[in-house]
Amino acid sequence: METTRILCFGDSLTWGFDPATRTRLPEDVRWPGVLQSLLGEGYRVIEEAQSGRTIATEDPAEGEKNGLRYVIPCLESQSPLDLMIVMLGGNDLKRKFGYASIDIAGEMQILLEKIQSYNRFRMGDKMKVLLMAPPVIGEEVSDPWLEDCFDFPRARKISTLRSFFKYLTLKTNQLEENPIQDLDSPKIMKSLPKYLSLEECTALLESVDGPNRERDYCILTLFLN
């Protein structure tokens, strides 16, 4: 009986980084290990993960993290393969990169094209490719370090990921259906608008000076009413 070989290509979510303890989760707790346990004999699940790995972005602060540069050597070293699971994109949302969702989707398109090209011409189209959406980060794993790295409200992250997979589904036809189409966005609490007190308004109007005092006074009065 031949063994079905599955490669899991990802970042810290696949590597098993625990944000609470800053250590690696046990092998049987990490999702590739859980998948191996569920599949049982006849399957070989291979972890190919790196904390901080991006789709195609160089990260001078963290070193060699570019998934696009490493993916072909990875395929060569792990072949033969029946299935490749790709779960990347979370680190590309980091604040320091400043990417829009369309930028991240474009990176993923290039990565998938590179994988499929190698699959077609070097592996005879024998390998299937499964693209997975990163999970939503829950409130229980909120951390000041993560907040500083990503600087994104949870709802905005979901919106970005939804646009990202919509692009891959409808624009580039890399996916048959959007895997997070029905993902609900968290409710955003509404707050009352901030306003100046009467004393602050009076002080602001009294501070108006200069050659255009009358004009500026009228403009401020209009905005304050």
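This briefing covers the sheet, a pocket and several single residues of the structure above. The model is predicted. Four strands form an open sheet with parallel pairing, and helices 2 and 4 are among the elements that pack on it. The second largest pocket takes part of its lining from helix 4 and strand 6. Backbone features include a cis peptide bond between S79 and P80 and a positive phi at R22 and at N173.

**Sheet and packed helices**

- The strand order in the open sheet is 4-1-5-6, and the strands pair in parallel.
- Strand 4 (43-49) and strand 6 are the edge strands, each pairing on one side only.
- On average, neighbouring strands of this sheet are turned by 20° against each other, with direction ignored.
- Strand 5 and strand 6 run parallel and are joined by four bridges.
- M84 has V129 of strand 6 as its bridge partner.
- Helix 2 (residues 31-39) packs on the sheet and touches strand 1 (4-10), strand 4 and strand 5. The direction of helix 2 makes about 175° with that of strand 4.
- Helix 4 also packs on the sheet, where it touches strand 5 and strand 6. Its direction makes about 165° with that of strand 6.

**Second largest pocket**

- The volume of the second largest pocket is about 260 Å³.
- Its lining consists of L112, Q116, V129, L130, L131, N173, Q174, L175, E176, E177 and P179.
- By residue type, the lining divides into six nonpolar, three polar and two charged residues.
- Helix 4 and strand 6 (128-131) each supply at least two lining residues.
- Strand 6 gives the most to the lining, with three residues.
- V129 belongs to the pocket lining and is also the bridge partner of M84.

**Q109 in helix 4**

- Q109 sits in helix 4 (residues 101-122).
- With a relative accessible area of 19%, Q109 is buried, because the cut-off for buried is under 20%.
- Leaving aside residues up to four places away in sequence, Q109 touches Y167, L168, T172 and Q174.
- One of these contacts, Q174, is also a lining residue of the second largest pocket.

**Backbone features in loops**

- The peptide bond that joins S79 and P80 is cis, with omega about 5°.
- P80 lies in the loop between helix 3 (67-78) and strand 5 (83-87).
- R22 is not a glycine, yet its phi is positive, near 60°.
- The loop that holds R22 runs between strand 2 (17-18) and strand 3 (23-24). R22 is partly exposed there, at a relative accessible area of 46%.
- N173 has a positive phi of about 55°, and it too is a residue other than glycine.
- N173 is in the loop between helix 6 (154-171) and helix 7 (198-206).
- N173 counts as exposed because its relative accessibility is 62%, and the cut-off for exposed is over 50%.
- N173 is also among the residues that line the second largest pocket.

**T202 in helix 7**

- T202 is part of helix 7.
- T202 is partly exposed, with a relative accessible area of 36%.
- T202 and T221 are 19 residues apart along the chain, and their C-alpha atoms are separated by 10.0 Å.

Technical notes:
Residues numbered from 1 in each chain as written. Predicted model: local features only at pLDDT ≥ 70, side-chain atom pairs only at ≥ 80, totals over all residues. Heavy atoms only, no water. Buried < 20%, exposed > 50% of the residue type's maximum accessible area, 1.4 Å probe, protein only. Contact = heavy atoms within 4.5 Å. 1 Å grid on protein atoms, 1.4 Å probe; cavity = no way out; pocket = protein on both sides within 12 Å on 5 of 7 lines; lining within 4 Å. Points joined across faces, edges and corners; volume = space filled by probe spheres on them. Nonpolar A, V, L, I, M, F, W, Y, C, P; charged D, E, K, R; others polar. Pairing = 2+ DSSP bridges. Axes fitted to C-alpha atoms, helices over the stretch in contact; angles between N-to-C directions.
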